[in-house]
Amino acid sequence: MDGNGRWAKAKHRPRLFGHHQGVETVRDIIKMCNGIGVEHLTLFAFSSENWSRPKEEVSGLMKLFMLALEREAKALAKNGVRLEFIGDRSAFSASLQQKIAQVETLTASGEGLHLIIAANYGGRWDILQAAQKIIQKANNEKSVTLSESKFNALVSTADLPDPDLFIRTGGERRISNFLLWQLAYTELYFTDVLWPDFNRDELQLAIDDFSNRQRRFGMTGEQIKDQKNA
Ligand code: IPE
Ligand code: MG
(Lines give C-alpha, C1' and ligand atoms only; values in the text may rest on other atoms or scores of the structure.)
(Ligands and ions follow the chains in the order given, each with its own letter.)
Protein backbone atom coordinates (compact mmCIF):
# COMPACT_ATOMS: atom_id res chain seq x y z
CA MET A 1 0.00 0.00 0.00
CA ASP A 2 2.10 2.90 -1.25
CA GLY A 3 1.37 6.53 -2.01
CA ASN A 4 -0.40 7.92 1.08
CA GLY A 5 2.18 10.65 1.59
CA ARG A 6 2.16 11.85 -2.02
CA TRP A 7 -1.63 11.78 -2.10
CA ALA A 8 -1.74 14.10 0.93
CA LYS A 9 1.02 16.34 -0.41
CA ALA A 10 -0.89 16.88 -3.65
CA LYS A 11 -3.77 18.14 -1.52
CA HIS A 12 -1.47 20.33 0.57
CA ARG A 13 -2.27 18.29 3.65
CA PRO A 14 0.05 16.57 6.19
CA ARG A 15 1.23 13.02 5.41
CA LEU A 16 -0.88 11.61 8.23
CA PHE A 17 -3.99 12.82 6.47
CA GLY A 18 -2.98 10.49 3.64
CA HIS A 19 -2.53 7.61 6.06
CA HIS A 20 -6.01 8.22 7.48
CA GLN A 21 -7.47 8.13 3.98
CA GLY A 22 -5.40 4.98 3.36
CA VAL A 23 -7.28 3.27 6.17
CA GLU A 24 -10.56 4.07 4.40
CA THR A 25 -9.20 2.34 1.30
CA VAL A 26 -8.17 -0.63 3.43
CA ARG A 27 -11.68 -0.93 4.81
CA ASP A 28 -13.25 -0.89 1.37
CA ILE A 29 -10.79 -3.33 -0.21
CA ILE A 30 -11.28 -5.78 2.68
CA LYS A 31 -15.04 -5.59 2.15
CA MET A 32 -14.73 -6.22 -1.54
CA CYS A 33 -12.32 -9.14 -1.10
CA ASN A 34 -14.56 -10.71 1.51
CA GLY A 35 -17.55 -10.22 -0.77
CA ILE A 36 -16.07 -11.79 -3.90
CA GLY A 37 -14.60 -14.80 -2.12
CA VAL A 38 -10.90 -13.94 -1.98
CA GLU A 39 -9.51 -16.43 0.52
CA HIS A 40 -6.40 -14.57 1.68
CA LEU A 41 -5.43 -10.92 1.62
CA THR A 42 -2.07 -9.78 2.97
CA LEU A 43 -1.56 -6.06 3.48
CA PHE A 44 1.89 -4.55 3.97
CA ALA A 45 1.03 -1.94 6.59
CA PHE A 46 4.41 -1.15 8.14
CA SER A 47 7.83 -2.39 7.13
CA SER A 48 10.77 -2.95 9.42
CA GLU A 49 12.38 -0.02 7.55
CA ASN A 50 9.49 2.38 8.26
CA TRP A 51 10.84 3.07 11.77
CA SER A 52 13.33 5.44 10.11
CA ARG A 53 10.56 7.87 9.17
CA PRO A 54 10.14 11.15 11.11
CA LYS A 55 9.19 10.50 14.73
CA GLU A 56 5.79 12.22 14.42
CA GLU A 57 4.87 10.13 11.41
CA VAL A 58 5.81 6.87 13.16
CA SER A 59 3.88 7.75 16.30
CA GLY A 60 0.94 8.94 14.20
CA LEU A 61 0.91 5.62 12.36
CA MET A 62 1.00 3.68 15.65
CA LYS A 63 -1.97 5.68 16.93
CA LEU A 64 -3.78 5.05 13.68
CA PHE A 65 -3.22 1.27 13.89
CA MET A 66 -4.63 1.29 17.40
CA LEU A 67 -7.61 3.40 16.41
CA ALA A 68 -8.38 1.28 13.33
CA LEU A 69 -8.23 -1.95 15.35
CA GLU A 70 -10.47 -0.53 18.07
CA ARG A 71 -12.96 0.75 15.52
CA GLU A 72 -13.05 -2.20 13.14
CA ALA A 73 -12.65 -5.26 15.36
CA LYS A 74 -16.33 -5.91 15.89
CA ALA A 75 -17.35 -5.42 12.27
CA LEU A 76 -14.54 -7.69 11.09
CA ALA A 77 -15.68 -10.44 13.46
CA LYS A 78 -19.29 -9.96 12.43
CA ASN A 79 -18.40 -10.29 8.75
CA GLY A 80 -16.38 -13.46 9.31
CA VAL A 81 -13.01 -11.86 8.59
CA ARG A 82 -10.18 -13.62 10.38
CA LEU A 83 -7.39 -11.19 11.21
CA GLU A 84 -3.82 -12.20 11.83
CA PHE A 85 -0.59 -10.24 12.12
CA ILE A 86 2.83 -11.23 10.80
CA GLY A 87 6.08 -9.46 11.63
CA ASP A 88 8.05 -8.75 14.77
CA ARG A 89 5.35 -7.36 17.01
CA SER A 90 7.64 -7.17 20.04
CA ALA A 91 8.73 -3.69 18.87
CA PHE A 92 5.21 -2.29 19.34
CA SER A 93 3.96 -0.78 22.57
CA ALA A 94 2.51 -3.19 25.11
CA SER A 95 -0.97 -1.76 24.58
CA LEU A 96 -0.80 -2.21 20.80
CA GLN A 97 0.51 -5.76 21.18
CA GLN A 98 -2.35 -6.46 23.53
CA LYS A 99 -4.88 -5.02 21.10
CA ILE A 100 -3.46 -7.08 18.23
CA ALA A 101 -3.71 -10.29 20.28
CA GLN A 102 -7.23 -9.37 21.35
CA VAL A 103 -8.45 -8.83 17.78
CA GLU A 104 -6.75 -12.02 16.62
CA THR A 105 -8.60 -13.96 19.29
CA LEU A 106 -11.89 -12.20 18.64
CA THR A 107 -11.78 -13.03 14.91
CA ALA A 108 -10.07 -16.43 15.13
CA SER A 109 -13.15 -18.43 14.17
CA GLY A 110 -13.97 -16.29 11.13
CA GLU A 111 -14.68 -18.39 8.06
CA GLY A 112 -14.61 -15.63 5.46
CA LEU A 113 -11.61 -13.69 4.27
CA HIS A 114 -8.34 -14.50 6.04
CA LEU A 115 -6.75 -11.08 6.44
CA ILE A 116 -3.04 -10.95 7.20
CA ILE A 117 -1.50 -7.66 8.24
CA ALA A 118 2.26 -7.42 7.83
CA ALA A 119 3.43 -4.99 10.49
CA ASN A 120 7.06 -4.44 11.40
CA TYR A 121 7.55 -7.06 8.75
CA GLY A 122 10.49 -7.59 6.41
CA GLY A 123 11.01 -10.40 3.92
CA ARG A 124 14.64 -10.85 4.93
CA TRP A 125 13.69 -10.83 8.60
CA ASP A 126 11.20 -13.59 7.85
CA ILE A 127 13.80 -15.76 6.11
CA LEU A 128 16.31 -15.11 8.89
CA GLN A 129 13.93 -15.99 11.70
CA ALA A 130 13.14 -19.25 9.90
CA ALA A 131 16.88 -19.94 9.52
CA GLN A 132 17.35 -19.20 13.21
CA LYS A 133 14.77 -21.85 14.09
CA ILE A 134 16.65 -24.32 11.91
CA ILE A 135 19.91 -23.58 13.70
CA GLN A 136 18.11 -24.23 16.96
CA LYS A 137 16.80 -27.54 15.65
CA ALA A 138 20.21 -28.54 14.33
CA ASN A 139 21.67 -27.91 17.78
CA ASN A 140 19.10 -30.21 19.34
CA GLU A 141 19.03 -32.95 16.73
CA LYS A 142 22.00 -34.65 15.10
CA SER A 143 21.27 -33.41 11.61
CA VAL A 144 18.50 -31.53 9.88
CA THR A 145 17.69 -32.06 6.22
CA LEU A 146 15.94 -29.08 4.75
CA SER A 147 13.30 -29.05 2.05
CA GLU A 148 11.15 -26.29 0.63
CA SER A 149 8.12 -27.55 2.50
CA LYS A 150 10.02 -27.78 5.79
CA PHE A 151 11.34 -24.25 5.33
CA ASN A 152 7.88 -23.11 4.37
CA ALA A 153 6.59 -24.33 7.71
CA LEU A 154 9.01 -22.01 9.50
CA VAL A 155 8.34 -18.68 7.79
CA SER A 156 5.70 -16.42 9.30
CA THR A 157 3.09 -17.43 6.70
CA ALA A 158 3.53 -21.11 7.60
CA ASP A 159 -0.02 -22.34 7.05
CA LEU A 160 -0.85 -20.04 4.16
CA PRO A 161 -0.64 -20.71 0.43
CA ASP A 162 1.82 -18.63 -1.60
CA PRO A 163 0.21 -15.46 -2.95
CA ASP A 164 -1.27 -15.65 -6.46
CA LEU A 165 -1.20 -11.92 -7.07
CA PHE A 166 0.97 -9.11 -5.71
CA ILE A 167 -0.32 -5.55 -6.13
CA ARG A 168 1.82 -2.49 -5.51
CA THR A 169 0.23 0.93 -5.76
CA GLY A 170 2.01 4.27 -5.94
CA GLY A 171 4.14 3.87 -9.05
CA GLU A 172 7.30 2.14 -7.78
CA ARG A 173 8.26 -1.10 -9.47
CA ARG A 174 9.83 -3.04 -6.65
CA ILE A 175 9.09 -5.58 -3.93
CA SER A 176 10.67 -3.54 -1.10
CA ASN A 177 11.34 -6.46 1.23
CA PHE A 178 7.78 -7.81 1.24
CA LEU A 179 7.21 -11.59 1.20
CA LEU A 180 10.49 -12.51 -0.50
CA TRP A 181 10.37 -16.29 0.01
CA GLN A 182 6.65 -16.51 -0.70
CA LEU A 183 6.57 -14.45 -3.92
CA ALA A 184 8.67 -16.86 -6.00
CA TYR A 185 5.85 -17.62 -8.48
CA THR A 186 3.48 -14.76 -7.71
CA GLU A 187 2.15 -12.60 -10.53
CA LEU A 188 3.31 -9.02 -10.02
CA TYR A 189 1.02 -6.07 -10.74
CA PHE A 190 2.12 -2.47 -10.49
CA THR A 191 -0.12 0.57 -10.74
CA ASP A 192 0.60 4.30 -10.56
CA VAL A 193 -2.63 4.86 -8.61
CA LEU A 194 -1.83 6.14 -5.11
CA TRP A 195 -3.17 3.92 -2.32
CA PRO A 196 -5.87 6.37 -1.09
CA ASP A 197 -7.24 6.46 -4.66
CA PHE A 198 -7.14 2.68 -5.08
CA ASN A 199 -10.73 1.43 -5.11
CA ARG A 200 -12.96 -1.44 -6.13
CA ASP A 201 -12.62 -0.64 -9.84
CA GLU A 202 -8.84 -0.57 -9.55
CA LEU A 203 -8.83 -3.91 -7.73
CA GLN A 204 -11.07 -5.35 -10.44
CA LEU A 205 -8.57 -4.12 -13.08
CA ALA A 206 -5.78 -5.93 -11.25
CA ILE A 207 -7.83 -9.12 -10.98
CA ASP A 208 -8.77 -8.94 -14.68
CA ASP A 209 -5.13 -8.48 -15.61
CA PHE A 210 -4.22 -11.48 -13.45
CA SER A 211 -6.94 -13.59 -15.06
CA ASN A 212 -5.41 -13.02 -18.48
CA ARG A 213 -1.98 -14.29 -17.52
CA GLN A 214 -0.78 -17.81 -18.10
CA ARG A 215 1.02 -19.23 -15.08
CA ARG A 216 3.49 -21.87 -16.23
CA PHE A 217 5.51 -22.65 -13.08
CA GLY A 218 8.52 -23.52 -15.26
CA MET A 219 6.57 -25.61 -17.77
CA THR A 220 5.86 -24.81 -21.42
CA GLY A 221 2.68 -23.18 -22.66
CA GLU A 222 1.76 -26.40 -24.46
CA GLN A 223 2.08 -28.45 -21.29
CA ILE A 224 -0.23 -26.07 -19.49
CA LYS A 225 -2.80 -26.32 -22.30
CA ASP A 226 -2.62 -30.14 -22.22
CA GLN A 227 -3.11 -30.06 -18.44
CA LYS A 228 -6.19 -27.90 -18.82
CA ASN A 229 -7.66 -30.18 -21.49
CA ALA A 230 -6.95 -33.35 -19.51
C1 IPE B 1 1.93 4.40 2.78
O2 IPE B 1 2.43 5.24 1.80
C3 IPE B 1 2.86 3.31 3.23
C4 IPE B 1 3.06 3.20 4.72
C5 IPE B 1 4.24 2.90 5.20
C6 IPE B 1 1.98 3.37 5.68
P7 IPE B 1 3.69 6.17 1.96
O8 IPE B 1 3.69 6.82 3.29
O9 IPE B 1 4.93 5.39 1.63
O10 IPE B 1 3.41 7.26 0.84
P11 IPE B 1 4.45 7.99 -0.12
O12 IPE B 1 5.29 6.94 -0.78
O13 IPE B 1 5.27 8.92 0.71
O14 IPE B 1 3.57 8.69 -1.09
MG1 MG C 1 6.13 5.18 -0.03
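This is a short dialogue on reading a few features of a predicted model.

Student: Let's start with the ligand. Which residues are around ligand 1?

Tutor: Keep in mind that the model is predicted. Around ligand 1 you'll find M1, D2, G3, N4, G5, R6, R15, H19, A45, N50 and R53. Sorted by class, that shell has 2 nonpolar, 5 polar and 4 charged residues.

Student: Which residues have an N or O atom that pairs with an oxygen atom of ligand 1?

Tutor: Here are three cases to look up. D2 has a polar side-chain atom 2.8 Å from an oxygen atom of the ligand. R15 also uses its side chain, with an N or O atom 2.9 Å from a ligand oxygen. With N4, look at the backbone: an N or O atom there sits 3.1 Å from an oxygen atom of ligand 1.

Student: How much of ligand 1 does the protein bury?

Tutor: Taken alone, the ligand exposes 390 Å², and the protein buries 86% of that.

Student: Which elements give two or more residues to the shell?

Tutor: Those are helix 1 (4-10) and helix 2 (15-36). Helix 1 gives the largest share, 3 residues.

Student: Back to D2. Where does D2 lie, and is it buried or exposed?

Tutor: D2 lies in the segment before helix 1. The cut-off for buried is under 20% relative accessible area, so D2, at 19%, counts as buried. Its side chain has a protein partner as well: there is a polar contact of 2.9 Å with the side chain of R168.

Student: R168 is at the end of a strand. How should I read strand pairing in general?

Tutor: Strands of a sheet pair through backbone hydrogen bonds, and the pairing is either parallel or antiparallel. In this model, strand 4 (residues 165-168) and strand 5 pair in the parallel sense over 4 bridges. R168 has F190 as its bridge partner in strand 5.

Student: And which way do the side chains of strand 5 point?

Tutor: The general idea first: in a regular strand, side chains alternate between the two faces of the sheet. Strand 5 (residues 187-190) shows this alternation. E187 and Y189 point to one face and are buried, while L188 and F190 point to the other and are not.

Student: There's an open sheet of 3 strands too. What is its strand order?

Tutor: The order is 1-3-2, with parallel pairing. Strand 1 (40-47) and strand 2 (82-86) are the edge strands, each pairing on one side only. From one strand to the next, the twist averages 20°.

Student: How many bridges link strand 2 and strand 3?

Tutor: Strand 2 pairs with strand 3 (residues 114-121) over 5 bridges, in the parallel sense. To find your place in that pair, go to L83, which stands opposite L115 in strand 3.

Student: Last topic: backbone angles. Which residues other than glycine have a positive phi?

Tutor: Two to check are N177, with phi near 60°, and F217, with phi near 45°. N177 is in the loop between strand 4 and strand 5. F217 is in a loop too, the one between helix 7 (200-211) and helix 8 (221-229).

Student: Are those two residues buried or partly exposed?

Tutor: N177 counts as buried because its relative accessibility is 17%. F217 has a relative accessible area of 45%, so it is partly exposed.

Terms used:
Residues numbered from 1 in each chain as written. Chains lettered and ligands numbered in written order. Predicted model: local features only at pLDDT ≥ 70, side-chain atom pairs only at ≥ 80, totals over all residues. Heavy atoms only, no water. Near = heavy atom within 4 Å. Polar contact = N/O pair within 3.5 Å; in protein donor to acceptor, adjacent residues only side chain to side chain. Areas by Shrake-Rupley, 256 points an atom, 1.4 Å probe, with all protein chains shown as cover. Nonpolar A, V, L, I, M, F, W, Y, C, P; charged D, E, K, R; others polar. Pairing = 2+ DSSP bridges. Axes fitted to C-alpha atoms, helices over the stretch in contact; angles between N-to-C directions. Buried < 20%, exposed > 50% of the residue type's maximum accessible area, 1.4 Å probe, protein only.
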